[in-house]
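Student: Could you take me through one part of this structure up close? I'd like to look at the aromatic rings and how they pair up.

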Amino acid sequence: PLFAEQIAWQSGQRIRVVRPVALYLEASYYPRRLRDVLVPEPREACVLNCLLRRFTPPDYPLRFFEKADTERTFKAFSMFRSIVIFPHDYALMSFYEFYAMSIPLFMPSHLSKYLFPYSATVPLL
């Protein structure tokens, strides 16, 4: 499972884990914003969204948004065509929440993108 592999990659320790299920969600994938892709995480979104907005051609078929552009509810997130997510912390619940909602997710394929110097418990300078 991803959770166990992510912990092993970041810590070098192999442990058994129980994946979060996110049973509290009341929203599921209902794509109404068919041109819109959400890039929700603040660490990547601040740079990535700026780059996407600057270099995406006007006639490009997709538009990119960050959490601040939404109502910040699971129902609002469920309406996006897909989500680009960078799991920067091994306990990142948003991955499991989006996965439980059956939203198409795009994530980095190279393992180095999962090794970040900061976690959610360490503020960025």
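Tutor: Sure! Counting ring pairs in this predicted model gives 6 aromatic pairs. Let's start with F77 and F98: their ring centres are 5.8 Å apart and their planes sit at 80 degrees, which is over the 60-degree cut-off, so this pair is edge-to-face. Now look at where the two rings come from. F77 belongs to helix α3 (residues 74–78) and F98 to helix α4 (residues 93–100), so the pair ties together parts that are 21 residues apart in sequence. Both F77 and F98 are buried. They also have company, as F74 joins F77 and F98 in one aromatic cluster.

Next, turn to F95 and Y99. Here the ring centres are again 5.8 Å apart, but the planes are at 20 degrees, under the 30-degree cut-off, so this pair is stacked. F95 and Y99 both sit in helix α4, 4 residues apart, which is about one turn of the helix. What about their surroundings: is each one buried or exposed? F95 has a relative accessible area of 10%, under the 20% limit, so F95 counts as buried. Y99 comes out at 58%, over the 50% limit, so Y99 counts as exposed.

Rings can have charged neighbours too. The charged end of R33 sits over the ring of F65, 4.8 Å from the ring's centre. Likewise, R54 lies over the face of F55, with 5.3 Å to the ring centre.

Key:
Residues are numbered from 1 along each chain as its sequence is written. This is a predicted model: local features need pLDDT of at least 70, side-chain atom pairs count only at pLDDT 80 or more; totals for chains, interfaces and linings use all residues. Side-chain values use heavy atoms; hydrogens and water are left out. Rings of Phe, Tyr and Trp (its six-membered ring) pair if their centres lie within 6.5 Å; planes under 30 degrees apart count as stacked, over 60 as edge-to-face and the rest as tilted. Helices (H or I, at least four residues) and strands (E, at least two) are DSSP runs, numbered from the N terminus. Buried means under 20% relative accessible area, exposed over 50%, partly exposed in between (1.4 Å probe, protein chains only). A charge sits over a ring if NZ of Lys or CZ of Arg is within 6 Å of the ring centre and within 35 degrees of the ring normal.
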